[in-house]
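Biologist: I'm new to this one, so please take a close look at the surroundings of the ligand for me. After that, tell me how the rest of the chain is put together.

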Amino acid sequence: MAGPLADKHVILGVTGSIASYKAVDLASKLVQAGALVDVIMTYGATQFVTPLAFRSITHREVVTETYDVNSEFANEHVALARRADIVVIAPATVNCIAKLAVGLADDPLTTTVIATSAPLLVAPAMDADMYAHPATQENLEKLRRRGVAIAGPAPGRLASGLVGMGRLVEPIDLLGHISATLGRKGDLAGRTIVVSAGGTQEPIDPVRVITNHSSGKMGYALAEAVRDRGARAVLVTAPTGLPNPPLVEVVNVQTADQMAQAVKREVYGADALIMAAAVADYRPASAAEQKIKKSDDELTIELAKTTDILDTVRGNFLRVGFAAESENLVANATDKVIRKSLDLIVANDITDSDSGFGSDTNKVVLIDRELKVDELPLLTKYEVGNRILDRIRDLLANSD
Ligand code: CTP
């Protein structure tokens with residue numbers, strides 16, 4: 001498993017909020033993702049959740065006091081701060097944010113923050129009025145200017161019973177924010193990469209569509225990998241059952257025509273286009289305006305050809321295609337590289353159960369414009385994404 005958080009040393013700061021309990025879930029998700037997690041709790045946080053909850057998950061001592069003579073970290077917050085790859089404060093109260101903005105160091109968490117040069121990610125959680133207060137806004141702005149990443153808050157129902165801005169970003173989304181913050185200075189920083197994903201849907205009538213088995217997982221994993229290497233990630237996606245990845249610009253489309261228009265627009269000024277979408281080659285020549293009623297006769301649907309997006313969208317950017325094949329993998333994919341004059345194609349055998357639709361893994365063959373064939377082992381889709389991005393990085397470096 002080589003996700004973005006594997007072997008990363010994360011300091012998770014937890015302050016006192018009703019959302020503190022969600023930090024337990026975040027700690028658990030971080031540990032599952034392979035991170036080494038040291039939790040620092042303020043006194044307020046210990047009033048909502050116990051240090052034992054965190055210790056049970058991280059299997060590491062939890063810091064609750066600045067001067068604890070029995071602690072492994074006693075007077076050692078500087079050492080802890082130095083070891084960190086990232087400091088994440090979730091939830092961050094209005095008081096904690098104010099202290100950070102001023103640079104106060106009067107508890108174990110703020111003392112650690114002031115001693116670290118690791119990137120800092122702050123996820124505020126508070127009542128909507130406290131969030132909207134000019135003091136809070138100014139403090140957050142100050143942190144942003146200082147390079148601190150701010151995640152949320154999200155809109156929704158608050159502990160006060162009111163609805164507004166102030167909810168802690170969900171732990172699953174915080175993972176995305178953490179990966180992105182870790183990768184901010186990655187090897188694709190300053191680049192823009194457009195990725196398409198999902199299977200397009202071509203309407204037959206208002207209730208029926210022609211589509212395919214694409215789950216969208218490969219394209220979404222690719223967009224996350226783009227984000228986690230510091231680039232601007234734009235994801236043009238046909239409908240999928242997947243949640244929007246945080247900090248990825250998502251453009252929703254349904255049909256091949258809509259995808260063609262969106263890709264043309266988004267690719268302007270981009271460095272690369274990766275067409276991971278399963279785009280329909282044919283669509284119903286005309287969609288019925290009303291639902292087609294059942295009759296005793298057979299029904300024939302006339303199909304019209306769609307535009308080949310990858311083939312027709314050209315410009316000063318790299319063009320990477322996918323080839324889902326059920327036979328003659330390398331020969332068919334090589335033919336597509338030549339026919340569409342691609343910089344790279346990612347070919348996979350859809351009859352292979354490890355690489356089939358909906359799977360989290362993929363076994364692909366990369367074929368570049370020199371027709372060099374590179375067979376990759378079975379990898380997670382995120383890792384496949386990174387292998388593709390390695391090639392894009394090298395191609396971009398050569399063309400600069
Ligand atoms: N593609 C595209 N627009 C289309 C069809 C395909 O941009 N209308 C892109 C896909 O996103 C993929 C690549 O072209 O990156 C190859 O798609 P694929 O369906 O494998 O190839 P086709 O060229 O459509 O050939 P065939 O269906 O005959 O295998």
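Modeller: Let's start with the contacts, meaning heavy atoms within 4.5 Å. Among those in the protein chain between residues at least 6 apart in sequence, 65% join residues at least 24 apart. Before going on, a word on the source: this is a predicted model, where local features need pLDDT of at least 70, side-chain atom pairs count only at pLDDT 80 or more, and totals for chains, interfaces and linings use all residues. Residues are numbered from 1 along each chain as its sequence is written, and side-chain values use heavy atoms, with hydrogens and water left out.

Now to the ligand. It is surrounded by 16 residues (each with a heavy atom within 4 Å of it), and the closest are Met 275, Ala 277, Phe 322, Lys 336 and Lys 340. Sorted by class, that shell holds nine nonpolar, three polar and four charged residues. Here Ala, Val, Leu, Ile, Met, Phe, Trp, Tyr, Cys and Pro count as nonpolar, Asp, Glu, Lys and Arg as charged, and the others, Gly among them, as polar.

Which elements line the ligand with at least two residues each? They are helix 12 (309-312) and strand 16 (318-325), and strand 16 gives the most, with four residues. Helices (H or I, at least four residues) and strands (E, at least two) are DSSP runs, numbered from the N terminus.

The backbone takes part too. A ligand oxygen is 2.7 Å from a polar backbone atom of Met 275, and at 2.8 Å there is such a pairing with Leu 310 and also with Phe 322. These are polar contacts, pairs of N or O atoms within 3.5 Å; within protein, one must be able to donate a hydrogen and the other to accept it, and residues adjacent in sequence count only if both atoms are side-chain atoms. On its own the ligand exposes 570 Å², and the protein buries 78% of that; accessible areas come from the Shrake-Rupley method with a 1.4 Å probe, and for residues only the protein chains shown count as cover.

Phe 322 comes up again away from the ligand. In the largest nonpolar core, which has 34 residues, it is one of those with the most contacts inside, along with Ile 193, Leu 222, Ile 274, Ile 388, Leu 389 and Ile 392. Such a core is a set of buried Ala, Val, Leu, Ile, Met, Phe, Trp, Tyr and Cys residues joined through side-chain atoms within 4.5 Å. Strand 16 is among the elements giving this core two or more residues, and so are strand 13 (272-275) and helix 14 (381-399). Ile 392 touches Ile 193, Ala 272, Ile 274, Leu 318 and Val 320, leaving out residues up to four places away in sequence. A second, separate core of 31 residues includes Leu 5, Val 10, Phe 54 and Leu 168.

Phe 54 is touched by Val 24, as are Val 49, Ala 53 and Ile 57, again leaving out residues up to four places away. Val 24 belongs to helix 1 (residues 20-32), and it counts as buried because its relative accessibility is 17%; buried means under 20%, exposed over 50%, and partly exposed in between (1.4 Å probe, protein chains only).

Stepping back, the protein chain has 14 helices and 21 strands, and 50% of its 400 residues count as buried.
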